[in-house]
Amino acid sequence: MSELLRGDDPEPSDRFPAGPLFVPVRPGPVGYAARLFRTPLGERTAVGFTSARRLAATLGPGQDWIRLAEPALRALAAPLGVTTVTVDPQLSAPAPTPVPPLAPVAVSPRTVRTV
């Protein structure tokens, strides 16, 4: 029986990629903060990408990022109750766009007829 090469293994033994991840961040009052996301089932998750190209393809080229190892990302998210780390998500929903306020509707008085 031939052994599988690491790249051929459908379920590699390592749960997470080796090396630092590209972690999306947002500016905060005292520096940058890691962005947290939600899974399709609504669970909060920290997110990391294995390349800047993958991050830009999913979140857009203007997304700020920092490099963090997976254990550091977990340690950063743990105090917030986030225990899941998602690596290389393929899809993200766009941020909701603000809805312009509705214009007030003018109500004209109606003539009431009695029968």
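Two salt bridges are present in the structure, which is a predicted model. In one of them, Arg54 is paired with Asp88, and the closest N and O atoms lie 3.0 Å apart. This contact connects distant parts of the chain, since Arg54 belongs to helix α1 (residues 52-59) whereas Asp88 falls in the segment after β6 (85-87), 34 residues apart. The two partners also fall into separate accessibility classes: Arg54, with a relative accessibility of 35%, counts as partly exposed, while Asp88, at 15%, counts as buried because its value lies under 20%.

The other salt bridge is formed by the side chains of Glu70 and Arg74, with an N to O distance of 2.3 Å. Both residues are in helix α2 (residues 70-77), and because they are four residues apart there, about one helical turn separates them. Here the acidic partner, Glu70, is buried, its relative accessible area being 13%, and Arg74 is partly exposed, with a relative accessible area of 25%.

With respect to aromatic contacts, the count comes to one pair. Phe22 and Trp65 make up this pair in an edge-to-face arrangement, with 4.7 Å from centre to centre and 70 degrees between the planes; the arrangement is assigned as edge-to-face because the angle is over 60 degrees. The pair likewise links distant parts of the chain, Phe22 being located in strand β1 (residues 21-28) and Trp65 in strand β5 (residues 65-68), 43 residues apart. Phe22 counts as buried, at 11% relative accessibility, whereas Trp65, at 40%, counts as partly exposed. The ring of Phe22 takes part in a further contact, in that the charged end of Arg67 sits over this ring at 4.0 Å from its centre. Phe22 is thus a partner of Trp65 in the edge-to-face pair and also provides the ring over which the charged end of Arg67 sits.

Strand β1, in which Phe22 lies, is joined by four bridges to strand β2 (residues 31-34), and the two strands run antiparallel. Together β1 and β2 form a hairpin, with two residues between them. Within this arrangement, Gly28 stands opposite Gly31 in β2.

Key:
Residues are numbered from 1 along each chain as its sequence is written. This is a predicted model: local features need pLDDT of at least 70, side-chain atom pairs count only at pLDDT 80 or more; totals for chains, interfaces and linings use all residues. Side-chain values use heavy atoms; hydrogens and water are left out. A salt bridge is a side-chain nitrogen of Lys or Arg within 4 Å of a carboxyl oxygen of Asp or Glu. Buried means under 20% relative accessible area, exposed over 50%, partly exposed in between (1.4 Å probe, protein chains only). Rings of Phe, Tyr and Trp (its six-membered ring) pair if their centres lie within 6.5 Å; planes under 30 degrees apart count as stacked, over 60 as edge-to-face and the rest as tilted. A charge sits over a ring if NZ of Lys or CZ of Arg is within 6 Å of the ring centre and within 35 degrees of the ring normal. Two strands pair if DSSP finds at least two bridges between them.
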